[in-house]
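Got your viewer open and a selection box ready? Load the model and follow along, one stop at a time.

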Amino acid sequence: MNNYIIKKENGISYLQFTKLLEYKDIIKHAISLKPIDIGSNESFYKRKEESYSYYQRLCNALNLDYKNIYRPYQTHTDVVKCVDKEQSGIFTKDFRDVDALVTNKENKILSISVADCIDLMFFDPVKKVIANTHSGWQGTYKLISKKTVENMVDNYACNPKDIICCIGPSIRKCHFEVDEDLSEKFYEKFKYLSNIDDIISKGKQENNKQKYNIDTVLINKQTMIQMGLKEENIIDCGLCTVCNSDKFHSYRVEKELAGRNTGIITLI
């Protein structure tokens, strides 16, 4: 049985996690599917009206006001910021070069954009705290999932054992193919993990060069378990954006033409 559902209404589709739907009186969330395209950092400015229109349609489906969207200007950092009194909006100066948002305030819709990178949605039902984290391979390497949990603990007194993390569609090990230099960089960083040989493995030979495949999702899972999250509270949809590029935007498939999916989560 899947741990997610896909809803379709008014011409748009979005994914929801069954675990988070158990708390639908406290939070609302969704991860968009095509044709929703909220635009990359660069393309958003070229097609603002269309991007806002997609935000509005997705929020309308959840009975939310899209004007309460908080979207950071993501640059593959490990920077996590709390959303408190800042102005809502897209790419406001408060959230420049930020890749994770955390809040315990209601009606603040945390939005991140992805096209192969991992969307990590966090929720502590005890302290009523949420976070939305963008973790590409660089964010994974920089341990942004660890830093998100630390932020929730340090600023909101969350207990890691209470935190739920839902892992959205992303490029998976089957398609995250890298050269030897990046493989070695990851090996040196994460060789302390007992399952490092499951995380990094040899792939195909190409132009007399050995390729490697890396499981960034598994790195994030192991990192969060080490931070004290319960394994049963880490919910992975298991969907690869490359394998399912007909449903989700994928930079590896579409290159510079790739749009962006959005993950949104809010306390209500």
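Start by selecting lysine 202 and tyrosine 212: tyrosine 212, in strand 14, is the bridge partner of lysine 202. Keep in mind as you click around that this is a predicted model.

Now widen the selection to residues 200-206 and 209-214. Those are strand 13 and strand 14, which run antiparallel and are joined by five bridges. What sits between them? The two strands make a hairpin with two residues between them, and asparagine 207 in that turn has a positive phi of about 55°. Worth putting on your Ramachandran plot.

**Hairpin at the start of the chain**

Next, jump to residues 4-9 and 12-17. Here strand 1 and strand 2 run antiparallel, with six bridges joining them. For one pair to label, take isoleucine 6, whose bridge partner in strand 2 is leucine 15. This hairpin has two residues between its strands, and asparagine 10 takes a positive phi near 55°.

**The open sheet**

Stay with strand 1 and colour outwards from there. Which order do the strands follow? Seven strands form an open sheet in the order 1-2-3-16-8-4-6, and the pairing is mixed. Strand 1 and strand 6 (89-90) are the edges: each has a single partner strand, so one side of each lacks a neighbour in the sheet.

Within that order, pick out strand 8 (residues 109-114) and strand 16 (residues 261-267). The two run antiparallel, joined by five bridges. Leucine 110 is a good handle on this pairing, since its bridge partner in strand 16 is isoleucine 265.

**Serine 111**

While you're in strand 8, select serine 111. Is this residue buried or exposed? Serine 111 is buried, as its relative accessible area is 0%. Show its surroundings, skipping anything up to four places away in sequence, and serine 111 touches Tyr55, Ile69, Tyr70, Arg71, Pro72, Asn132, Thr262, Gly263 and Ile264. Thr262, Gly263 and Ile264 in that list fall within the residue range of strand 16.

**Alanine 100**

Move on to strand 7, residues 100-103, where you'll find alanine 100. Alanine 100 is buried too, with a relative accessible area of 0%. What does it touch once neighbours within four places in sequence are left aside? Alanine 100 is in contact with Val79, Val80, Lys81, Asn132, Thr133, Ile144 and Thr148. Asn132 may look familiar: it is also among the residues touched by serine 111.

Before leaving, draw a distance line from the C-alpha of alanine 100 to the C-alpha of leucine 193. It should read 24 Å, for two residues that are 93 apart in sequence.

**Zoom out**

Clear the selection and look at the whole protein chain. How many helices and strands are there? The secondary structure comes to nine helices and 16 strands. Along its principal axes, the C-alpha trace spans about 55 × 40 × 40 Å. The radius of gyration is 18 Å, which agrees with the value near 18 Å for a compact globule of 268 residues.

Colour by burial next: buried residues make up 56% of the 268. If you plot a contact map, count contacts with a separation of 6 or more; residues 24 or more positions apart account for 66% of them.

Last, switch on the surface. The protein chain exposes about 12100 Å², and carbon and sulfur atoms supply 44% of that. For charges, there are 39 positive and 37 negative side chains, and the centres of the two sets lie 3 Å apart.

How values were computed:
Residues are numbered from 1 along each chain as its sequence is written. This is a predicted model: local features need pLDDT of at least 70, side-chain atom pairs count only at pLDDT 80 or more; totals for chains, interfaces and linings use all residues. Side-chain values use heavy atoms; hydrogens and water are left out. Helices (H or I, at least four residues) and strands (E, at least two) are DSSP runs, numbered from the N terminus. The radius of gyration is taken over C-alpha atoms; the globule rule is 2.2 Å times the number of residues to the power 0.38. Buried means under 20% relative accessible area, exposed over 50%, partly exposed in between (1.4 Å probe, protein chains only). Contact means heavy atoms within 4.5 Å. Accessible areas come from the Shrake-Rupley method with a 1.4 Å probe; for residues, only the protein chains shown count as cover. Lys and Arg count as positive and Asp and Glu as negative; His and the chain ends are not counted. The place of a charge is taken as NZ of Lys, CZ of Arg, CG of Asp or CD of Glu. Two strands pair if DSSP finds at least two bridges between them.
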